Amino acid sequence: MSNSTSEKIPKELFEPASTDNMDNELIAKPQLSFMKDAWLRVRKNKGAIISAVILLLVIIMAAIGPHISHYDAYAQDVTKSNLPPKIPGLEKLGIFDGKQEIGGVETDVYKQQNVKEYYWFGTDSLGRDLFSRVWLGTRVSLYIALLAALIDMVIGVGYGLISGFKGGRVDNVMQRILEIISGIPNLIVVILMLLILKPGIISITIAMVITGWVGMARVVRGQVLKLKDQEYILASRTLGAKNSRLLLKHLLPNLSGVIIINTMFTIPSAIFFEAFLSFIGIGLQAPRASLGTLIEDGYQTFQFLPHLMFIPCIVICIILIACNLIGDGLRDAFDPKMRD
Amino acid sequence: MAKYLVQRVIYLIITLFIIASVTFFLMKFLPGTPFQNEEKLTEEQQQILNEKYGLDKPIPVQYANYMVNIVKGDLGVSFQFDNQPVTHMLMNRVGPSLELGFQAMVLGSIVGLMLGVFAAMFQNTWIDYGSTFLAVLGKSIPSFVFAAVLQYYIGVKLEWLPVASWDGFASSIMPTLALAIFPIATAARFMRTELIEVLSSDYITLAKAKGNSRMEVSVKHAIRNALIPLVTVLGPMAVSLMTGSMVVEQIFAIPGIGEQFVKSIQTNDFPIIMGTTIFFAFLLTVIILVVDILYGIIDPRIRLAGGAKK
């Protein structure tokens with residue numbers, strides 16, 4: 001066996017070994033940074049990449065969507081109310097053709113109400129363009145979620161770093177506080193907060209942040225406890241590094257994986273919470289639109305005008321599924337051991 | 001163990017005390033009054049009403065009274081619903097909520113476990129991908145969206161099941177399904193990762209080496225051990241069921257606690273909001289405590305007192 005394989009390899013491929021051993025330690029390949037390494041692994045996860053592209057499209061639509069349909073999201077026009085979706089091009093295929101079953105008979109509502117324009121997603125009971133409103137609502141929902149996730153991250157990382165790094169009595173007291181806060185069901189805190197604060201983007205965000213940072217603080221503290229006794233921290237300390245340098249230069253970069261994963265999972269839960277609050281009637285108030293308020297409005301008439309509810313539902317589901325898939329992908333990439 | 005238990009119970013009491021206090025003071029800052037048609041009442045009538053409900057006393061006195069009453073199990077009387085005691089109203093409404101919650105939990109665990117087991121046993125086949133996809137869907141789709149879609153297609157369009165009512169088993173099918181999707185997703189994901197890990201451990205290799213079939217190894221050795229950590233997801237499941245119950249009960253018009261809570265928020269009925277909040281908080285904290293203790297008992301590898309803190 002071994003003879004036959006050695007015969008097949010041409011002689012030219014062999015190179016003489018170097019005579020001195022000086023470059024034994026030489027690293028031949030370029031060093032992979034933490035982020036590059038993670039990216040290499042995320043790239044293999046097709047679901048995460050597709051989700052990222054879809055999420056990006058949704059974000060772009062949230063940014064430009066309200067401007068492409070030429071209809072203002074707040075302009076009311078009762079003569080054009082309750083129109084089903086109608087999209088030029090697709091109407092010939094028998095879908096999105098502005099027809100609707102009324103009392104068992106298929107009627108062209110656009111002809112009936114003498115409307116010449118196309119409303120891609122239809123209109124609501126006040127004649128407002130649903131296309132503009134859905135993307136405007138997406139914008140508000142994403143904004144609330146990002147803001148909540150960002151504040152959660154800042155508070156949680158700060159608290160976790162201090163608690164884990166200081167240790168001793170400080171850690172003990174901070175952990176007891178954390179235990180008590182995490183014992184309070186967050187749904188209840190959010191609802192109570194919203195009852196006293198005026199419903200609005202900022203108050204919803206604040207209400208969600210009050211209990212939202214606890215998870216992040218816990219994870220960060222756990223990681224700090226694990227990392228702070230490692231040799232590289234000791235080495236840096238021996239060389240005279242101050243605490244602030246240890247925290248910012250050494251610990252924080254090593255925590256970035258868990259921080260990113262945690263934030264990625266906060267975003268969908270914040271979007272869900274906002275929609276949930278709007279659905280039970282204590283979220284954003286009219287005429288402001290978020291995906292939650294649109295679903296809630298649509299639900300009132302969904303037996304007759306299902307599109308008013310289904311379209312925002314589809315958008316919110318797409319966002320949530322995409323966020324969860326990206327989160328899963330990132331988690332597998334940053335730390336294969338940290339699944340579920 | 002005993003020390004740990006005492007410590008946990010003390011935390012539970014502190015947590016509940018804080019929740020009750022926060023609830024009380026928040027309710028005091030709430031704008032609006034709890035009485036209907038307030039503008040029609042004369043000042044005297046308002047005075048009488050305030051006196052009757054003890055709202056004329058200074059806030060610290062009200063607070064002390066409230067706390068003493070809670071310990072006695074008295075959560076006050078509703079302002080809106082004919083002076084019914086809140087405890088009474090909660091007890092009347094706890095039945096449907098518990099029934100739905102229980103059905104959803106059982107259905108969710110069974111279906112979720114099966115999905116998870118199949119996914120792990122046929123890892124990286126279409127069965128695995130399908131079950132993972134279902135789990136992601138279940139985790140992502142909000143229960144109220146799923147509930148409304150069910151209601152529209154099965155209730156309104158196909159007319160297979162009652163749209164929104166509460167009489168008998170048929171009317172509980174759709175709400176149970178809507179509530180069960182999160183437990184299904186959680187159980188499936190969890191079971192899959194656990195089982196894959198267990199299947200690659202040494203004692204499974206030994207069992208295989210002894211000549212047992214794949215089926216036998218999975219059922220007799222692997223699944224049993226993979227089931228243990230599943231106890232930990234019972235806590236999050238209970239939370240999600242509670243959240244879900246509020247909207248799902250509203251959508252399907254079920255006379256449960258969630259529906260009552262939403263209604264009382266919309267009508268400013270302080271005692272019911274406070275009472276339900278404390279009830280929910282109590283339920284959840286106790287469930288989480290029980291789950292933690294159960295976990296320690298079922299899995300001797302977890303040492304509660306030492307392992308919990310590090």
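Begin by selecting Val190(A) in this predicted model and displaying its contacts: once neighbours within four places in sequence are set aside, Val190(A) touches Ala207(A), Met208(A), Phe273(A) and Leu277(A). Keep Val190(A) highlighted and add Ala147(B) and Met191(B), because these three residues touch the most other members of the largest nonpolar core, a set of 144 buried residues joined through C-beta atoms within 7 Å.

**The helix around Val190(A)**

Widen the selection to helix α7 of chain A, residues 186-196, and ask whether this helix is enclosed or open. Of its 11 residues 10 are buried, so α7(A) is largely enclosed by the rest of the structure. The buried residues are Asn186(A), Leu187(A), Ile188(A), Val189(A), Val190(A), Ile191(A), Leu192(A), Met193(A), Leu194(A) and Leu195(A). To see what covers these residues, colour α8 (201-227) and α10 (243-279) of chain A, and then α1, α10, α11 and α12 of chain B, which are all included in the cover.

**Chain A as a whole**

Now show chain A alone as a cartoon, where 12 helices and 2 strands can be traced. Starting from the N terminus, the order of its elements is α-α-α-β-β-α-α-α-α-α-α-α-α-α. Chain A has 340 residues, of which 39% count as buried. Among its contacts with a separation of 6 or more, 72% come from residues 24 or more positions apart.

**The contact between the chains**

Bring chain B back and select the residues at the contact, to which chain B gives 37 residues and chain A gives 33. On the side of chain B that touches chain A, at least two residues are supplied by each of α1 (2-29), α5 (126-140), α6 (143-157), α7 (170-199), α10 (234-251), α11 (257-266) and α12 (270-298). Which helix gives the most to this side of chain B? That helix is α1(B), with 8 residues. Colouring this side of chain B by residue class gives 26 nonpolar, 9 polar and 2 charged residues.

**Chain B as a whole**

Hide chain A and view chain B by itself, with its 13 helices and 0 strands. The C-alpha trace of chain B spans about 85 × 60 × 30 Å along its principal axes. Of the 310 residues of chain B, 37% count as buried, and among its contacts between residues at least 6 apart in sequence, 74% join residues at least 24 apart.

**Annotated spans of chain B**

Next, select residues 94-295 of chain B, to which an unreviewed UniProt entry assigns the annotation "domain: ABC transmembrane type-1". This span is 81% helix and 0% strand, and its end C-alpha atoms lie 27 Å apart. UniProt, again in an unreviewed entry, also places the feature "transmembrane region" at residues 9-30, 100-121, 133-154, 166-185, 227-252 and 272-295 of chain B. Two of these are worth selecting in turn. Residues 133-154 of chain B are 91% helix and 0% strand, with end C-alpha atoms 23 Å apart; residues 272-295 of chain B are 100% helix and 0% strand, with end C-alpha atoms 34 Å apart.

**Local stops in chain B**

Move to helix α3 of chain B, residues 59-72, whose 14 residues reach 20 Å from the first C-alpha to the last, close to the 20 Å expected at 1.5 Å a residue. Is α3(B) enclosed or in the open? The number of its 14 residues that are buried is 1, so α3(B) lies largely in the open. Step just past the end of this helix to Gly73(B), which takes a positive phi of about 90 degrees.

Then go to the loop between α10 and α11 of chain B, where Ala253(B) is found. The phi of Ala253(B) is near 50 degrees, a positive value in a residue other than glycine. Ala253(B) counts as partly exposed because it has 14 C-beta neighbours inside 10 Å.

**Confidence**

Finally, colour the model by pLDDT. Chain B averages 79, and 90% of its residues score at least 70. Select residues 304-310 of chain B, over which pLDDT stays under 50 and for which the model has 7 contacts beyond four places in sequence. Where pLDDT is low, predicted coordinates should not be read in detail. For the model overall, the scores are ipTM 0.77 and pTM 0.80.

Key:
Residues numbered from 1 in each chain as written. Chains lettered and ligands numbered in written order. Predicted model: local features only at pLDDT ≥ 70, side-chain atom pairs only at ≥ 80, totals over all residues. Contact = placed C-beta atoms within 7 Å. Helix = DSSP H or I, 4+ residues; strand = E, 2+ residues; numbered from the N terminus. Nonpolar A, V, L, I, M, F, W, Y, C, P; charged D, E, K, R; others polar. Buried ≥ 20, exposed ≤ 12 C-beta atoms within 10 Å, placed from the backbone. UniProt positions renumbered as here; feature names shortened; annotations may be inferred. Expected span 1.5 Å × (residues − 1). pLDDT = per-residue confidence, 0-100.
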